[in-house]
Amino acid sequence: MVFAIVLVLLVIITVLFTFFSPWWFTPLASNWGSIDDALIITFAITGFVFVAVTLFMALAIFKFHHKEGRKAAFEPENKKLENWLIAVTSLGIVGMLAPGLVVWADYVNPPSNAAIFETVGQQWSWNFRLPGKDGKLGRAAVQFVNYDNPLGVDPNDPVGQDDLIIEGGEMHLPIDQPVKVYLRSLDVLHDFYVPQFRAKMDMVPGMVTFFWFTPTRTGEFEILCAELCGIGHSQMRGIVIVEQVEEYQTWLSEQVTFAEMMPPTEEAESGDATVGESNVAGEGTDG
Amino acid sequence: MSFFKTVTSKPWLDDEAAFDAAPGGGAGTLKTKRVGLFIFIGVATALFALFGVAYYMRMMMGGWHMLIEPTILGANTVVLIVGSVLMQWASNLSTRGNMRRAKQAFFAGGFAVLLFLGGQYMAWQELIALGCYADVNPANAFFYVITGLHGLHLLGGLFVWARALLRTVDGADDAAISASIELCDYYWHFMLLVWLAIFGLLLST
Amino acid sequence: MVEHEDEQSDDENHEPTSFLTKYVWSQDHKVIAVQYSLTAIAIGLVALVLSWLMRMQLGFPGALEFIDEDAYYQYATMHGMIMVIYLLTAIFLGGFGNYLIPLMVGARDMVFPYLNMLSYWVYLLAVIVLTASFFVPGGPTGAGWTLYPPQSILQGTPGYEWGIILMLTSLVIFIVAFTMGGLNYVTTILQARARGMTLMRMPLTVWGIFIATFMGLLAFPALFVSGVMLLLDRVIGTSFFVPEIISLGDPLAYGGGSPLLFQHLFWFFGHPEVYIVALPAFGIVSDLLSVHARKNIFGYRMMVWALLAIGVLSFIVWAHHMYVSGMDPAFGFFFAITTLIIAVPTAIKVYNWVLTLWRADIHMTVPMLFSLSFILTFVFGGLTGLFLGNVVVDVPLSDTYFVVAHFHMVMGVAPIMIVFGAIYHWYPKITGRMLHGAMGQIHFWVTFLGTYAIYFPMHYLGFVGVPRRYYSYDEIDFIPESAHDLNAAITVAALIVGAAQLLFLYNVFWSLRKGEKAPANPWKATSLEWQTPQTPPAHGNWGKELPVVHRWAYDYSVPGAEEDYLPQNMPRQPFEKSGAHDPHDDKPVTDLQESDK
């Protein structure tokens, strides 16, 4: 009896908590409202099932708790009821899954007009790379990493010469421009996670992963790491600043290219052809 | 009774047939040991299959070089096949009641596996002499790990074999020896199949 | 492992006489079960204390100065691994499996008793090796219980020196122990059932343990493979899982390995592992509900089929742990579908549990309270699992506190509720005494309400986006101040719930001597373990004659019977409808009941 009352109370608390507690989604700042919607659909369906099952259990305990002379029914099964329940459950599952899969299809297919940038994780900091005006990122690999070349851009790849190397963990993005993020790691697993963007993806050493999003709100957003990466995991922070295109262009024009960063000797070997392009590199990134 | 029929029966109804369908022979019987052995074979199959999958997946990644197959592996394979054939022969002889010859074949069948293990050891030496260490090439590492585990499983089989031999010397009754022979027979065949699969995987890649 | 196949079993049932053979080197499944359970609970207590320390850091950062980053990650890792493997897996299969299987199917012991004994001692060795890692230089590994490479074997992760080596070694040893035990459980169920005990007459407890063990036998090899390979990567520098990387400024000699390969292998084990823990709990809760509600479990056949379906399906859902791991996103479609399909048989089980309560005669005993609370927590945890299984919904929630809350609900709290329920239920059979009821009630209410207070609000931290495995949440802008208060409140609840477990332990030891003497069948249950000639059952379980089974395990409140239960070994009575029936006769059962009256 007490238990039945407690069950009802728990249901009431659970529902009230959901609607009135201060803890809810961090305000969205990207196009992924559809993820939130899929989540809400899932929440609604599962929430209904939770309330229904718990209240049914409370009712059963209330009605059928032991009393002198009570005898239980003998009811091995009820095929019809069970089949109905299977059918209804399957329907609920489809109701959750279908929107989920539709949004997933969207999630894994970046739009063709997406700009690109690369983020490189290492214990325990973030660095970034933007393509130059050719709109392409040069080849990169761990073997090329050295003091002057922290991201391991291939010095012999002409495509990479005009890439903008952004150190210091602060990245800028223009608002409302879809962007495909390439992710690399130099050491262990990391995960590029900005709570306001919803989207995230692991960074795996030895491979390049990706995801995409469109920032829809200007402001500063913190980048966190969401895959345990050693003792500095919780301190691995970066910043994404979403701003209007004009401000973005100003910022972009202040960035240095890979070729500019390299010490003169190597530049002489492979970079001279691209030095001239570096000053205007920024204008190509939106394409 | 088929499995499907079993799990669709309605157990709350009276079922006289339940008495006829008494389950296994209980502890200590050959049938029970056989079931236990088969389940173990299932576990070992899962283990080696997963190594195979890992091998295949790792092969797709970087830093992979062809394994230099030790030349002795062919000879080892023949020895293991001979061991398996001898065990089968021992098993056939023991079912026909010719226990004296069966024991001899049983002894020889185990001995062949010992020989095989010696050969595998030589294969390892051959690779090491060539400088094919585990840390220079994942294919080498897989070779050492998989053959090592295969060898450990064979050692487990040899342990049973050796105990049965000791009991033969102690004059255990024929039924007990015959049971050991049957179980070893299954296991020998299984380990041969595993080896052939490993060898095939190595040869084909 | 196979070497003991032909171990002679103790057919003559010589009672072991010396203390050593009776309680230490015992081959009696009941003694081994107690050994397994006590060891599991002992190491579980260590994990409980670790969780306290972690919660202190999260709720009151810096309050305990000795908890630095290293220590925090080490506690988190060891807590997780101990709870999942060394406590839950060991106690459900090594403990309850060992105790209940032979008694419930009417056997004298496991079919390979020597192997069974060896299983326990090897398990103990695994626990000792694991514990040893607390005392080696660098301490235990802090790689997270998933041990993802490359991080787990590199500098920058605590315990990379020795801790990780001992952890992997211990896991490999555990798997050997599990295999030896598992062969026993499965073979005993297949081969040593009493006369008349068809598979479909077995209690669902046995079914749950049976399928869970089968899954374990097939899934643990994946952990074995990944463990051995990771160990080699760490110790001799092979490159199975580690690509070319630069660790804290130094280029390493590794090259070409695949971190994702490890994840696939790990979760190919790891997901079935969830069900290896859950299925025995499913089985046990079915029986507890049935006994204490005096009603047959609703839809027994469907329950068995659901167990089988879950067992099979759980091998093709593993990558739902890897939606944002960087694997080919196309896999997301497949694994989301399989994952949500597995919800159907799971839901059926829930429906049948609550339908068992309908028109029942519910006795609110302590085991029943735990069982009912299991339903609630399992439903909660199962439903939140749908969020994480539903691929795109997982994206914002993965690696947040939503995940932590979810898996603690579904495979922490829910199975532990059943561990408690089962102990309260079977303690009288094991010891011959009842556990103290009032202490049990207090233990129950604190545990039930306390765990709900811990994990329910934790989901909402996940909605906020609070990432898991963070030593500190200092200066993270998007996390509101109120979330820190919530964290502190959760910590207080966790400390209280933890303390309540000490009351439980006190009860267990107090009742051993002072508890009320238990009758042979205090709950008036039908299944065979309650029908033994002695309580606690003597060596060999059944005295001179093995039981003969005449009915299924759920003849409660059978129309026409005087008592509200008919033990499985009670012959068919005159009032029961006799005679053969056509197995394909699909006449609704209610008709049969009507004609009985």
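This passage describes the predicted model, beginning with chain A and moving on to the contacts between chains.

Chain A is a good place to start. Its secondary structure amounts to 6 helices and 10 strands. The radius of gyration of chain A is 27 Å, well over the 19 Å that the globule rule gives for 287 residues, so chain A is more spread out than a compact globule. Along the principal axes, the C-alpha atoms of this chain fill a box of roughly 100 × 35 × 35 Å. As for confidence, the average pLDDT of chain A is 89, and 92% of the residues score at least 70. Some care is welcome at residues 266-287 of chain A, where the pLDDT is below 50; this stretch nevertheless has 44 contacts in the model beyond near neighbours in sequence.

The contact between chains A and C comes next. Chain A contributes 80 residues to this contact and chain C contributes 95 residues. On the side of chain C that touches chain A, the largest share belongs to helix α11 (residues 366-389) of chain C, with 9 residues. Sorted by class, that side of chain C holds 65 nonpolar, 18 polar and 12 charged residues.

Within this contact, one helix pair can be described in detail. Helix α2 (residues 33-64) of chain A and α11(C) have axes that come within 9 Å and cross at roughly 170°. With angles over 145 degrees counted as roughly antiparallel, the crossing makes α2(A) roughly antiparallel to α11(C). The residues of this helix contact comprise 13 nonpolar, 3 polar and no charged. From α2(A) the participants include Leu39(A), Val49(A), Phe50(A) and Met57(A), and among those they meet in α11(C) are Leu372(C), Ile375(C), Phe380(C) and Phe387(C). Thr42(A), Thr46(A) and Thr54(A) also belong to the α2(A) side.

Chain C also touches chain B: 61 residues of chain C are in contact with 55 residues of chain B. On the chain B side, the elements giving two or more residues are α1 (3-8), α2 (17-20), α3 (30-59), α6 (138-170) and α7 (174-204). Of these, α3(B) gives the most, with 17 residues. The class breakdown for the side of chain B that touches chain C is 32 nonpolar, 15 polar and 8 charged residues.

A last feature lies in chain B itself. Helix α5 (residues 99-129) of chain B has 31 residues and reaches 45 Å from its first C-alpha to its last, close to the 45 Å expected at 1.5 Å a residue. After α5(B) comes Gly131(B), with a positive phi near 80°.

Notes: Residues numbered from 1 in each chain as written. Chains lettered and ligands numbered in written order. Predicted model: local features only at pLDDT ≥ 70, side-chain atom pairs only at ≥ 80, totals over all residues. Contact = placed C-beta atoms within 7 Å. Helix = DSSP H or I, 4+ residues; strand = E, 2+ residues; numbered from the N terminus. Nonpolar A, V, L, I, M, F, W, Y, C, P; charged D, E, K, R; others polar. Axes fitted to C-alpha atoms, helices over the stretch in contact; angles between N-to-C directions. Parallel < 35°, antiparallel > 145°, perpendicular 65-115°, else oblique. pLDDT = per-residue confidence, 0-100. Expected span 1.5 Å × (residues − 1). Rg over C-alpha atoms; globule rule 2.2 N^0.38 Å.
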